Amino acid sequence: MKKYLILFIVISGSKIPLGCNQGVWEKGEIYDTYRPKHPHFSIQKRKFIYNTLIDTNYLYEQATYFPNWDGHLIKHNMGVFSDGRLILNTRKDDSDAEIISTNSWETALIIGYYTTVGDKIKLEYFEDLDDGNYTDKEGIIKKDTIIFEKKVHLLFTSEIRKEMYVKTKYLIRK
């Protein structure tokens, strides 16, 4: 029985809808994008108010990089649109072509929504981890930087880890 199941999955390829805790998601036809089949973004249901503190024309890039299992530095970037939409991408190199090809709503690896109140920003995005789930983040906007803080509980202590995204020279494709 196990052999038949594996054979079925291999033959079917990536067109099988995958289960997730918030509905079903499918792989996009273009690029490697994953989208929720039935989106349930809670931020999208609130009225969006545009904030001039955040630049919706340029991508923001994470200021710190971490190596993955094969030694490549993993870099994250984020783009926000003036209507409350959000894109997030991950890449291994500094290729301008890769950055430019994934900086739109249609081609971004991860999509979501954001809202701002004063200098605070709140994100909600859908990622394909753990069979797909919605992730929330809250941060502060300071000039050309967005700072997210997360309290991480370790074995006997806890620490606050910061993620800083800095405005780049790359324009967002609308």
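This passage walks through the predicted model of one protein chain, from its overall make-up to a single residue.

Start with the big picture. The protein chain is built from two helices and twelve strands. Following the sequence, a helix comes first, then seven strands in a row, then the second helix, and then five more strands. The chain has 174 residues, and 37% of them count as buried. Its exposed surface comes to about 11,200 Å², with carbon and sulfur atoms supplying 58% of that area. What about contacts between parts of the chain that sit far apart in sequence? Taking the contacts with a separation of 6 or more, 48% link residues 24 or more positions apart.

Next comes the largest pocket, which holds about 800 Å³ of space. Its lining is made up of 28 residues, and the ones closest to the centre are His-76, Tyr-125, Lys-137, Glu-163 and Tyr-165. Which strands help to build this lining? At least two residues each come from β6 (73–80), β7 (85–91), β9 (120–127), β10 (133–142), β11 (145–153) and β12 (158–171). Sorted by class, the lining is a mixed bag: eleven residues are nonpolar, seven are polar and ten are charged.

Strand β12 is worth following a little further. It pairs with β11 in the antiparallel sense, over nine bridges, and the two are joined by a hairpin of four residues. Within this pairing, Ile-147 stands opposite Met-164 of β12. Strand β12 also has an antiparallel partner in β4 (residues 58–62), this time over four bridges. Here, Glu-61 has Val-166 of β12 as its bridge partner.

That brings the story to Val-166, a residue of strand β12. Is Val-166 buried, exposed or something in between? Its relative accessible area is 32%, so Val-166 counts as partly exposed, because that class lies between the cut-offs of 20% for buried and 50% for exposed. Setting aside neighbours within four places in sequence, Val-166 is in contact with Leu-59, Tyr-60, Glu-61, Ala-63, Asp-144 and Thr-145. One of these, Thr-145, lies 21 residues away along the chain, yet the C-alpha atoms of Val-166 and Thr-145 are separated by 4.5 Å. As for strands in general, the side chains in a regular strand alternate between the two faces of the sheet.

Notes
Residues numbered from 1 in each chain as written. Predicted model: local features only at pLDDT ≥ 70, side-chain atom pairs only at ≥ 80, totals over all residues. Heavy atoms only, no water. Buried < 20%, exposed > 50% of the residue type's maximum accessible area, 1.4 Å probe, protein only. Contact = heavy atoms within 4.5 Å. Areas by Shrake-Rupley, 256 points an atom, 1.4 Å probe, with all protein chains shown as cover. 1 Å grid on protein atoms, 1.4 Å probe; cavity = no way out; pocket = protein on both sides within 12 Å on 5 of 7 lines; lining within 4 Å. Points joined across faces, edges and corners; volume = space filled by probe spheres on them. Nonpolar A, V, L, I, M, F, W, Y, C, P; charged D, E, K, R; others polar. Pairing = 2+ DSSP bridges.
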